[in-house]
Amino acid sequence: MNNERIPWDQYFMAQAVLLSLRSTCTRLEVGATLVRDKRIIAGGYNGAVSGDVHCIDEGCYVVDGHCLRTIHAEMNALLQCAKLGVPTEGAEIYVTHFPCLACTKAILQAGIKKIHYLHDYRNDSYAQSLIKQLGASVHQVSLDQKYFAKLLDNSTEEVG
Ligand SMILES: [Zn+2]
Ligand SMILES: [Zn+2]
C-alpha cells in the first residue's frame with residue numbers, strides 16, 4: 001500500500017480540477033485555486049455571472065470564437081477575494097488551463113507571482129513575456145495518478 005503523502009502541487013492542482021467539474025460552460029471546463037501560505041483562500045470555475053442563465057442550459061454566447069457569457073475561473077477566484085476582502089498579494093494560483101491574456105494581467109496585478117497550470121491552452125506569448133518581465137513564474141504540473149487511486153477506492157483498510 002502506498003502511504004506516501006501527496007505533494008502540495010498535486011494536492012492544489014487536484015482542487016482546481018475538482019472545481020472545473022462545476023463549470024457551466026460547455027466549451028471548456030476550467031478550474032482555479034488560489035493558495036496562500038499553503039492554504040486555499042479561494043476557488044473558481046468558469047461560468048455565467050450569478051443570476052444569469054447558464055451556457056449548459058441556453059447554449060454559449062459566442063462572438064469571434066469566444067464565449068462571452070462566462071467569467072473565467074481565475075477571475076472568479078480573484079473576485080471572490082475582492083468580495084470577501086481576502087488579500088491576494090504573494091498568493092499562488094493553480095489553474096487547469098494556461099490562463100488567457102486578460103486573466104494573466106489580472107493575476108499579476110493582484111500580486112500573484114506563481115502560476116501553476118495543468119494543460120497548455122492557446123498559450124499567449126505576450127502573457128508569457130509579461131510573466132517573465134514582472135519577475136513572476138509559470139510552471140506546468142502534471143498529475144500523477146498514483147496519488148488519486150484512493151479517491152475511488154471504497155475499501156476500508158486497517159493501518160498496520
Ligand atoms: Zn459558454
Ligand atoms: Zn481567462
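How much of the chain is helix and how much is strand over residues 7-129? Over that stretch the chain is 35% helix and 27% strand. The C-alpha atoms at its two ends are 29 Å apart. This is a predicted model.

## The annotated domain

Residues 7-129 carry a UniProt annotation, "domain: CMP/dCMP-type deaminase", from an unreviewed entry. UniProt also lists a "binding site" and an "active site", again from an unreviewed entry. Annotations of this kind may be inferred rather than shown by experiment.

## The binding site

The "binding site" annotation in UniProt covers H72, C100 and C103. These residues span 32 residues in sequence, yet no two of their C-alpha atoms are more than 9.0 Å apart, so they gather at one spot. Two of the set, H72 and C100, also belong to the lining of the largest pocket.

Start with H72. It sits in the loop between β6 (70-71) and α3 (73-84). H72 has 32% relative accessibility, so it counts as partly exposed; the partly exposed class lies between 20% and 50%. Beyond its neighbours within four places in sequence, H72 is in contact with Y45, N46, C100 and C103. Two of those partners, C100 and C103, share the "binding site" annotation with H72.

Now take C103. This residue is found in helix α4, which runs over residues 101-109. Is C103 buried or exposed? C103 counts as buried, because its relative accessibility is 1% and the cut-off for buried is under 20%. With neighbours within four places in sequence set aside, C103 is in contact with H72, E74 and M75.

## The active-site residue

For "active site", the unreviewed UniProt entry lists E74. E74 is found in helix α3. At 5% relative accessibility, E74 counts as buried.

Which residues does E74 contact, apart from its neighbours within four places in sequence? They are V30, A32, I93, V95, H97, P99, C100, C103 and I107. C100 and C103 are in that list, and both carry the "binding site" annotation.

## Helices α3, α4 and α5

Helix α3 holds E74, and helix α4 holds C103. How do these two helices lie against each other? Their axes come within 9 Å and cross at roughly 30 degrees. Angles under 35 degrees count as roughly parallel, and α3 and α4 are therefore roughly parallel to each other. Their crossing is left-handed. E74, M75 and L78 in α3 meet A102, C103, A106 and I107 in α4. Annotated residues thus appear on both sides of this helix pair: E74 in α3 and C103 in α4.

Helix α4 also packs with α5 (residues 125-133). The axes of α4 and α5 come within 9 Å and cross at roughly 15 degrees. That makes α4 roughly parallel to α5. The crossing of α4 past α5 is left-handed. Here L101, T104, K105 and L108 in α4 meet Y126, A127, L130 and I131 in α5.

## Two loops with positive phi

Most residues other than glycine have a negative phi. Two aspartates in this model have a positive one.

D37 has a phi near 50 degrees. It is in the loop between β1 (31-36) and β2 (39-45). D37 is exposed, with a relative accessible area of 68%.

D64 also has a phi near 50 degrees. The place of D64 is in the loop between β4 (62-63) and β5 (66-67). D64 is exposed too, with a relative accessible area of 73%.

## C67 and its surroundings

Strand β5 holds C67. At 11% relative accessibility, C67 counts as buried. How far apart are C67 and C25 in sequence and in space? They are 42 residues apart in sequence and 8.2 Å apart in space, C-alpha to C-alpha.

C25 is one of the residues in contact with C67. Neighbours within four places in sequence aside, the other contacts of C67 are R27, C55, C60, Y61 and V62.

Methods: Residues are numbered from 1 along each chain as its sequence is written. Chains are lettered from A and ligands numbered from 1 in the order in which they are written. This is a predicted model: local features need pLDDT of at least 70, side-chain atom pairs count only at pLDDT 80 or more; totals for chains, interfaces and linings use all residues. Side-chain values use heavy atoms; hydrogens and water are left out. On a 1 Å grid over the protein atoms alone, a cavity is a set of points where a 1.4 Å probe fits but cannot get out, and a pocket is an open set with protein on both sides within 12 Å along at least five of seven lines; lining residues have an atom within 4 Å of a point. Helices (H or I, at least four residues) and strands (E, at least two) are DSSP runs, numbered from the N terminus. Buried means under 20% relative accessible area, exposed over 50%, partly exposed in between (1.4 Å probe, protein chains only). Contact means heavy atoms within 4.5 Å. Axes are lines fitted to C-alpha atoms, for helices over the stretch in contact, and angles run from 0 to 180 degrees between N-to-C directions. Angles under 35 degrees count as roughly parallel, over 145 as roughly antiparallel, 65 to 115 as roughly perpendicular and the rest as oblique. A crossing is left-handed if the near helix is turned anticlockwise from the far one by less than a right angle, and right-handed if clockwise.
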